[in-house]
Structure formats: structure tokens, C-alpha cells
Amino acid sequence: MDLRLLFAIWCGKLTVRLSRAMGGGGSTVPGRVALAIDPLVIRKLAYQCRRGAILVTGTNGKTTTSKMVSDILRRARYRVVHNRSGANLIYGVAAAFVQAANVFGRIRADYALVEVDEGTVRKVVDQLPLKAVLVTNFFRDQLDRFGELDHTVQLVSEGLSRAPYDALIALNADDPLVAGLGPGRPQRILYYGIEDSHYASPISEQSREIKPCQACGATLKYDSFFYAHLGRYRCPSCGQTRPTPTVSVQQVALRGVEGSDMILRTDTGDFKVNITFPGLYNVYNALAAAAVTHGLGIPDHTVATGLAKSAGSFGRMEVIRVDGKRVLLALVKNPAGIDAVIRTVLEDRRARHMVIAINDKFADGTDISWLWDGDFERLSASDHPPESVITSGIRAADMAVRLKYSGYPARRITIKNSLDDALQEGLARIDHGETLYFLPTYTAMLEVREIIRRRGYTRHFWRV
Amino acid sequence: MAGGLAVRIAHLYPDLMNLYGDRGNVIAIYRRCQWHGLAPELLRITLDEKVDFRDFDILFVGGGQDKEQKQICMDFTKVKGAALSDAVEDGVVLLAICGGYQLLGKYYRTGTGEEIPGIGLLDAWTEAGRKRLIGNVVISSDLVRVGSDHTVVGFENHSGKTFLGKGLRPLGRVLLGFGNNGEDGMEGAVYRNCIGTYLHGSLLPKNPALTDYLIGASLRRRYGEAQLKPLDDTIESIAHEAAIHRARQPVGR
Ligand SMILES: [Zn+2]
């Protein structure tokens, strides 16, 4: 009987109850409490998971990808412990295990599914019985917190070096920064990528995305781009090329907000997959989830049905029904993410009105300069730009300026700092059956979720 | 905008120095030129390109990551430095932010005491600091005095501390934030039509008076005069005021 562990779990669980009773969704405090009492709480609980742990990291798509992995594993009748709600710092991980454990300190699960940001990989890698690591992509994200991109890649690389030799490492072949982590490692490396070039563009929208070769530092040459710096690349200097993916998307058809259809290929064959998540970047998320679960031996048909049943997870991109209207909430937190959302909005030719809510609290990143790296020019120069945009949040005016300088008509921009006002005004502008596109940063998303919840349109997010 | 006066803008190293939304500054210059009825032309210039910068009207260089900063440092000192100095002496407008600003000085002294040479266009030098200076900044600058308002707003994020030689004017005095070094209350530097500063955010979009100052200076150099009619800057003014308000509050909350 490990009394320290039990005490940590009890106090953690008590904190969860307290914070819920006080109306917060606070998903890291229980973890802080438990870790303070027993620093080994993650290790002690994770090692009880019968089949081991899967670690998901990268800049964008962690939460959605993890949700998909979890749904596939559950389809395969495995029990999964998963840290959700985007609380993917070490405290969030500890909180998830504490909540999953019973009062006797036991966890009945097959897999621990742990999503962490790049900076946390090293801190958890030794505490998990690792079976697989999945790396999604690397983008610049909240520089004031993580430091520079090279440093971020380095942090993950060091984490991977400490993964057990029999672990699987699934890497995005289309992202040169991720694929560059592969060569020279003793572990089994599985690359995934998109082979269908239908949605590729011959040149990047912005030259800013081109990355240096990870092997020699020369500027990479691209044959085509999927989005940002993801694409088909090669190094003119040392000859490094994009690795041939084992799990790939052979064909894809985007159906706007409805989702996407695709044909996946693994070394066991081709199969059709339909997902309900919109946009090309969710195709990447589904592909990544398919790659790691395939690598763990899940049959293709289970992967397909698991992905088909998966639905939007908290706030990343979800549709909430409000009095016969729909609000599509899409979290935005960095240029690549916002570019992907802009593409999705434009894919829906019926999209007429938008709200963009920018906060600059710690969890959002206090520096909002990244708005200027977002491709709002694509939105404004489209042949069907939105009829109106409401900007909201603490930095509503900055967002309005950004839109104006992207070429969007100033008279169609409304500034409403209050998220409540912005939501009401946005809903008033759309008709029944229409969708309001609502793009909040992290804390703005929490706020707007709370506003919607108070009106009874959705459940508490920790129960989703 | 056929018929308008041409304004040639050069964005240096857009592929390498693009941290912190620096392209917002170029977008701001370009758009406001259009709105003023001018005919802006934007060229991107990268490593190894030898250019006579006197052919341009406005030059911009931003900040980069360490790795890129080193590449640019080489290119600055070996390839472009002299041409840049010539252009600034000739009155060309140059805006340099953060890493770009540091490279215009005499040197950057690293934590280990190593001195990385800059091009010495500005009588200034930078020393590695232990603490990162991060947050919203408000300065007062005579360059943008419009009536009683003379504030410039931005966001800083640097660990290098820059000091100015005796004869060099700062861009402004710090009202809120750290500025060049967090010690002497000065922010940025102005030499002829060259401005170096730590402020991004992006800097120019929220400071339309500064943008117009730069465009005006470039027009005076090439065409001898500049008459910029005031534009409708309602949204920019709201953002400017909001940034001042935000700078008074604690960071991150
Ligand atoms: Zn190479």
C-alpha cells in the first residue's frame, strides 16, 4: 500500500470536486496538488496501464489527433486514460491520471494517451511506459513562452532520445522539421504523409514558411505545398528528401464544414475514411491518428470506423446549435492555425459572418504580433469574403487593424470588446440554418464557452 | 494606382527575419502608400543579393532567430553593409526592428564576452542581458507629434540591451515598458531617416503617424516635397489607445 500515492490521489480528487463546486473547469489544480504530495504520481499510475503509453506532441492538432487516437483505441475495445481539455502541461497530465484512478490507487486501463506540448516531452518521457510517440508538426507558437522554433525542435529531439528502443515513433513526412527527427534513431520510425496533390499549391502563399534543411542548413526546395511549410521538399545541397510515408492519404475530397472523405493506404492495403472534421489540417490529424494506431497493430477497418465516429473535441473546432442556428467555434492560436481556419471558412461558400476574438493573457500568448503573420489577405482577396466581421476580446482593435490592412473594407468591421456582445451581434446577423464562424484565442474560447453554457446551449466542457 | 508617385519599398530577408509579425510593418507602409494615392512597389531581398539601396525609398529589416541572425550578420557585414550605409547617408528611409536594429550598431557582445560586429551605421552597441525584457511599451516621440499626442505603442521581447553613443538620438522616451536596456529610459535610435527600435506588435499599423512620417520622409528625398492628406484612422486610433490602456495593466492577466 503506497500511502503517499493514495494521499496524492485523494487530495487531487478532492480538489477536482472543490473547483467544480466553485464553477471552474480548472483542470490543472488537482494535478498540482497531487504532484506536490507525490512527485511520482504520473509514473506510478501510468505504469499500471497494461499496454503502455502513447505520447502525442507537436504544435498544432495535438488535441484533435489525440481525440481521434482515443476513439480508434476505444473502437478496438481498449480502455484509455487520456488528458483532455487542452490542459497538456505536466499538471494536466497528472490531473488526468488522478481522476482516472480509483480511491485505492488503481487504474484499470489498457493505454495511457498523453498529449503534451513540445516543452513538456522531456519531463514526462521517463515517467511513461512508452509504446509510441506521435509528432504532428512544428510551428512558431507563443514565442514569449517556448522560445525559438529551433529550440522547440531540439527539446522534442532530446525527449525522443530518451524513449525506449522498442517504442514506435510516428513522424509527419511532409513537415521537414518533424521528418528530420527520424534519421539515426534506434527506434522503429513510421512516416506518414499526404500523397494526393489535388489540394497542393505549387508555391507557398508566403515565402516566410520555407524552412532550412535539418541535415545541412541549406534552404529547402519545394515541389508543392499543402499548407504553410508542409509539402514535398528536397534539399538541393545534401540531397535529403521527404521520406516515403508508410501510412498515406492517397486521395482526399474536402466537403467544407461537413468534413472530408479520403482513401488511406497502409502496408496492409487501401481503405476509405470519412471524417466529420473540416479542412485539410484535420485530414493531417486523422492521418496522424491512423499512422500511430496502425503502427500499434490496430486493424485498418477499426481505424476507419474509429475515425468516422470521432467528433469535434472541446473548442478546437466544434459546432454548437443555438436556436436553429449554428456557431462553429475554432480555436486560433498561431499563424498556421489561423491560416488553416481561414481556408476552412472559405471552403464553406455559405459562410457570411464571422467573429474573431483575440485575448492576450498568458495562456493566449501576451504578444499578439502573430496576427500579422496570419494570411488574412487570403480572406480579403477571396471571391467571396465574409459580409461582415466582428472583432472582439481584449485585443479586438488590433484585430480590426489587421483586417483593415489585409484589404478588408473598414466599414464591414465592427469592434465589440465584450464577447457576450460579439456573440449576440453575430447571431443576430445570421439566419436560421446558417453558421456563425467564431474564432477565439484560448482564454477567449473558455469565456465564450461559459457564455454559451450559461444560456444552456452546451454542457460543461469537462463533461464533453 | 496608376499615375501616383512611385515608392520603392525593399523588405530585407523576408524569408529569414520574420519573427514577431514584422511583415505587418511592410504591409502598413504598402497599404498607406496606396491609400495616399501613391504607387508602392515591393521588392524582397535576401542573402547574397548585392543591391544599390539608393535606388529604393524605404527599406525594412526585422528580427530573426539566433541561427538566422548569424546568417544575416555575415551578409550584413560582408555583402550589404556598405550599400546600406551609403543609402542612409543619402537619406533613404530605413526601419530596423529588434535583431535588425542590433545589427546596425557597432557590435553585439554575447554572454561569453565575444563581440559580434555590426555595420556601425548607428553609434550604438548591444550587450547580452540575463533577463528577457517582455511586454507592452509606450514611448513619447517627437517624430510623431500630432497636436498634443506624441505616443508610439508596441510590444518588446528582447534580452539584448542596447546603449546609444552620446550624439545619437533615441526614437523616444519610455513611458511604460523597458526600452533599449531597461536602464536609461530611452527606446530606439534615430539617425537621418534611419530608425532602429525594439518595438514590434506590429509597430507601424498601430502608429499611423509614424508610418506617414516615414512615407513623407521618403517622398521629400525623392520628389522634394510631400503632401500627405490625412486618412480615416479611426480603427488605428482605437487600437493605439487600447494598447496604451493595456500597457498600464499587469502583463498576461
Ligand atoms: Zn541538406
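In which strand of chain A is A:His82 found? A:His82 is found in strand 2 of chain A, which covers residues 80-82, and this briefing uses that residue as the entry point to a predicted model. From there the text moves to a zinc site held by four cysteines of chain A, then to two helix packings, of which one joins helix 14 of chain A to helix 5 of chain B, and finally to several single residues.

**A buried histidine in strand 2 of chain A**

- A:His82 has a relative accessibility of 10%, and because buried means under 20% relative accessible area, this residue counts as buried.
- Apart from residues up to four places away in sequence, A:His82 touches A:Ser66, A:Lys67, A:Ser70, A:Ala96, A:Leu113 and A:Glu115.

**The zinc site**

- Four SG atoms coordinate the zinc ion at 2.3 Å, and they belong to A:Cys213, A:Cys216, A:Cys235 and A:Cys238.
- The site of the zinc ion is tetrahedral, with angles of 101 to 114° among its four donor atoms. For comparison, the ideal angle for four tetrahedral donors at a metal is 109.5 degrees.
- Along the chain, the donors of the zinc ion follow the spacing C-x2-C-x18-C-x2-C. Within this set, the pair A:Cys213 and A:Cys235 links distant parts of the chain, 22 residues apart, with A:Cys213 in the loop between strand 6 (188-194) and strand 7 (221-227) of chain A and A:Cys235 in the loop between strand 8 (230-234) and strand 9 (247-254) of chain A.
- Both members of this pair are buried, since A:Cys213 has a relative accessible area of 4% and A:Cys235 has a relative accessible area of 5%.

**Helices that pack against each other**

- Two packed helices are described by the angle between their axes and the distance between the axes.
- Between the chains, helix 14 (residues 396-405) of chain A packs with helix 5 (residues 234-248) of chain B at an angle of about 145°, and their axes are 8 Å apart. The crossing of helix 14 of chain A and helix 5 of chain B is left-handed.
- On the side of helix 14 of chain A, this contact is made by A:Ala397, A:Asp398, A:Ala400, A:Val401, A:Lys404 and A:Tyr405, while helix 5 of chain B contributes B:Ile235, B:Glu236, B:Ile238, B:Ala239 and B:Ala242. Sorted by class, the contact of these two helices has eight nonpolar, no polar and three charged residues.
- Within chain A, helix 15 (residues 419-429) and helix 16 (residues 442-454) pack at an angle of about 65°, with their axes 10 Å apart. Here helix 15 of chain A passes helix 16 of chain A in a right-handed crossing.
- The residues that meet are A:Leu419, A:Asp420 and A:Leu423 in helix 15 of chain A, and A:Ala444, A:Glu447, A:Val448, A:Ile451 and A:Ile452 in helix 16 of chain A. By class, the contact of helix 15 with helix 16 of chain A has six nonpolar, no polar and two charged residues.

**Single residues with buried or partly exposed positions**

- A:Ile342 lies in helix 12 (residues 335-347) of chain A, and at 1% relative accessibility A:Ile342 counts as buried. Leaving aside neighbours within four places in sequence, A:Ile342 is in contact with A:Asp375, A:Phe376, A:Arg378 and A:Leu379.
- B:Gly252, in the segment after helix 5 of chain B, is buried with a relative accessible area of 7%. Not counting residues up to four places away in sequence, B:Gly252 touches A:Asp360, A:Lys361, A:Phe362 and A:Thr366 of chain A, as well as B:Arg246 of chain B.
- B:Lys161 is found in strand 8 (residues 151-164) of chain B and is partly exposed, with a relative accessible area of 23%. The C-alpha atoms of B:Lys161 and B:Lys131 are separated by 9.7 Å, although these residues are 30 residues apart along the chain.

**Positive phi angles outside glycine**

- A:Arg77, which is not a glycine, has a positive phi of about 70°; A:Arg77 lies in the loop between helix 4 (62-75) and strand 2 of chain A and counts as exposed at 76% relative accessibility.
- B:Tyr13 likewise has a positive phi, near 50°; its place is in the loop between strand 1 (6-12) and helix 1 (23-35) of chain B, and at 0% relative accessibility B:Tyr13 counts as buried.

Methods
Residues are numbered from 1 along each chain as its sequence is written. Chains are lettered from A and ligands numbered from 1 in the order in which they are written. This is a predicted model: local features need pLDDT of at least 70, side-chain atom pairs count only at pLDDT 80 or more; totals for chains, interfaces and linings use all residues. Side-chain values use heavy atoms; hydrogens and water are left out. Donors are N, O and S atoms within 2.8 Å of the metal (3.2 Å for Na, K and Ca); water is not among the atoms, so sites may look incomplete. Four donors count as tetrahedral if all angles lie between 85 and 135 degrees; four count as square planar and six as octahedral if opposite donors are over 155 degrees apart and all others between 65 and 115; anything else is irregular. Helices (H or I, at least four residues) and strands (E, at least two) are DSSP runs, numbered from the N terminus. Buried means under 20% relative accessible area, exposed over 50%, partly exposed in between (1.4 Å probe, protein chains only). Axes are lines fitted to C-alpha atoms, for helices over the stretch in contact, and angles run from 0 to 180 degrees between N-to-C directions. A crossing is left-handed if the near helix is turned anticlockwise from the far one by less than a right angle, and right-handed if clockwise. Contact means heavy atoms within 4.5 Å. Ala, Val, Leu, Ile, Met, Phe, Trp, Tyr, Cys and Pro count as nonpolar, Asp, Glu, Lys and Arg as charged, and the others, Gly among them, as polar.
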